[in-house]
Structure formats: structure tokens, C-alpha cells
Amino acid sequence: MNMRILNRDVIKYMAIAAMLLNHIAFIFLEPGTAAKEVLTDIGYFTGITMCWFLVEGYRYTRSRRRYAQRLFLFALLSQIPYCLAFTKQGVLEFAGFNMIFTLFICFVIVHVMTQWADRPWSGLLVLALVFSTTYSDWGILGPVITVLFARAGTSQYEMKRAWVRSVCLFGLVNFLEFIRADGIGISALRSLGSMVAPALAGICILCLYNGKRAPRGSVFSKWFFYVFYPGHLLVLGIIRILRL
């Protein structure tokens, strides 16, 4: 227990810092460069971490309805900044749905799995919700990982297995993506590199997380995590447009 030195807010701050580096690399750095590869890989710490905390948050939140409402509201607020940041040509075009939209769908999936597990149609509904994120950031993959975490419940053994499966799944998906342009050897190395940050996220949560919030500023942190997402995308989008 002495090793559990990281609280929830510290891990989330680590996640948003990694996300910022990932977005900077994706928007501004040249493809194929070492800097872009490294910063992109660092950013993979974030998505899997947010999926895990969403499952934990569903379990312990005081109001699941307000939690879902916050996710939906900030998904809406983040959509234009997201498109501004990730438009490839010109000022603004549809670039897919943002990550908070994916997290909102993940929240609905956990709700279905928790509250309607005994319904014969629940599995089909979960499958439909997973595929509804096809055009979203971390689409399909994020919901599938969320399902793995939700199924693990509170069992430490099952949660470790869920993390291993999630990291391996992430590496496999990246390998299949990389192999389109690279050979098997390079694709394998790149996919292994992409698995490092998600694996570190698992170590932080499974071995170092103490299950607590920060002793001070927890309310500030709670809203900062929501506001930072559309805020930093808006800033990056403005910078991208000024560089046109």
C-alpha cells in the first residue's frame, strides 16, 4: 500500500498533459519524424485512462444522470473546437466526433451493462452503441475497452486481465493500421511503441493509484478536466488557422 502514492487528480493531470502532446504532434508535426512518433505514442496514455476512470466514475458518482449530462454538454461544446483543430485543409470541416462524445457513449454502454444486463436485447444494444462511435475519436476501440473494464467489476485479478487485454488489443489495432504503409517488422516495432503508454497507464492505476481524490482543489480539478478539452482544442485550432 505504501506504493499507492498517486491520487485520481494527479493521474488525470498526467493524462491531459499526454493528450496535449499527442494533439500538438498530430496537428503540427511532420509525419514520419521521430518527434511526431514519440509524442503521439505518449498521448496514448490518455484514452485508456479516461475509459477506466469513466467506469470507476459510473460506479461511485453521486448522480449518474448529472454525470451523463456533463459529458453530453461538453461533447457538444467541444465539437467545433475539435473540428477547428483537426481540419486538414482550410478553416473548418467535419473531422469526426470528439473524444467526449465517445466517453458519453461509453457511459451509456456501462449503464446498459449494469442496469439492463438481464434484458435479452442488451447485448445487441451495446453492440449498436459501440458501432455508433465509428466516426469518433477513439471510436470502437474506446467502447470495447470500456466493456472489458466494466465486465471486470471490482475484482483486482479480472481488472488486471482487462488491462492486459486492452493494451494488447490497442497494439493489434495499431499494427493492422501501420501495416498498410510499413512492412511487418516496422509495423511491429511501431505497434509495440504505441503500447508503452497504455501499459504505463495500467501500472499507474493498478499499482500506484490510491483510490482517492486530491486533498485540495478537487472541485477545481473536476471542472478543469472538462473545460481543458474544448479550451486547448480551440487554442490549437486558432494557431493552426493562423499558420495557413
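## Helix α9 and a distant pair

I241 is partly exposed, its relative accessible area being 24%. The residue belongs to helix α9, which covers residues 218-242. All of this refers to a predicted model. Between the C-alpha atoms of I241 and G123 the separation is 43 Å, and the two residues stand 118 positions apart along the chain.

A second pair of this kind involves A128 and I5. Their C-alpha atoms are 39 Å apart in space, with their positions 123 residues apart in sequence. A128 sits in helix α5, and with 45% relative accessibility A128 is classed as partly exposed.

## The loop between α5 and α6

Helix α5 spans residues 122-131 and helix α6 spans residues 141-152; W138 is located in the loop between them. The phi angle of W138 is positive, near 60 degrees, and W138 is not a glycine. Most residues other than glycine have a negative phi. Because its relative accessibility is 16%, under the 20% cut-off, W138 counts as buried.

I140 is located in the loop between α5 and α6 as well. I140 also has a positive phi, about 65 degrees, without being a glycine. Its relative accessibility is 27%, which means that I140 is classed as partly exposed.

## Salt bridges

How many salt bridges does the structure hold? The number is 6. One of them joins E56 to R8, with 3.8 Å between the closest N and O atoms. E56 is part of helix α2 (residues 34-60) and R8 is part of helix α1 (residues 8-28), so this salt bridge ties together parts that lie 48 residues apart in sequence. Is this pair buried or exposed? E56 is buried at 9% relative accessibility, and R8 is buried with a relative accessible area of 18%.

D118 and R119 form another salt bridge, where the closest N and O atoms are 3.8 Å apart. D118 is exposed at 65% relative accessibility, whereas R119 is partly exposed at 37%.

In helix α7 (residues 156-178), R161 and E158 are 3 residues apart, so about one helical turn separates them. Their side chains meet in a salt bridge with an N to O distance of 3.7 Å. R161 is partly exposed at 33% relative accessibility, and E158 is partly exposed with a relative accessible area of 30%. Elsewhere, E37, D182 and R190 are joined into one network by salt bridges that share partners.

## The second largest pocket

The second largest pocket holds about 270 Å³ of space. Its lining consists of 16 residues, and those nearest the centre are W52, E56, T154, Q156 and Y209. Which elements give two or more residues to this lining? They are α2, α7 and α8, the last of these covering residues 184-208. Helix α2 provides the largest share of the lining, with 4 residues.

Sorted by class, the lining residues of the second largest pocket are 7 nonpolar, 6 polar and 3 charged. E56, listed among the residues nearest the pocket centre, is the residue of helix α2 that forms the salt bridge with R8 in helix α1. The buried class of E56 rests on its relative accessibility of 9%.

## A nonpolar surface patch

Which residues form a nonpolar patch on the surface? The patch is made up of I80, V91, L92 and L244, and together these residues have about 420 Å² of accessible area.

I80 is a residue of helix α3, which runs over residues 64-86. With a relative accessible area of 55%, I80 is exposed, because the exposed class begins over 50%.

Note on methods: Residues numbered from 1 in each chain as written. Predicted model: local features only at pLDDT ≥ 70, side-chain atom pairs only at ≥ 80, totals over all residues. Heavy atoms only, no water. Patch = residues over 30% accessible without salt bridge, like charges linked within 9 Å, V, L, I, M, F, W, Y side chains within 5 Å. Areas by Shrake-Rupley, 256 points an atom, 1.4 Å probe, with all protein chains shown as cover. Salt bridge = Lys/Arg side-chain N within 4 Å of Asp/Glu carboxyl O. Buried < 20%, exposed > 50% of the residue type's maximum accessible area, 1.4 Å probe, protein only. 1 Å grid on protein atoms, 1.4 Å probe; cavity = no way out; pocket = protein on both sides within 12 Å on 5 of 7 lines; lining within 4 Å. Points joined across faces, edges and corners; volume = space filled by probe spheres on them. Nonpolar A, V, L, I, M, F, W, Y, C, P; charged D, E, K, R; others polar.
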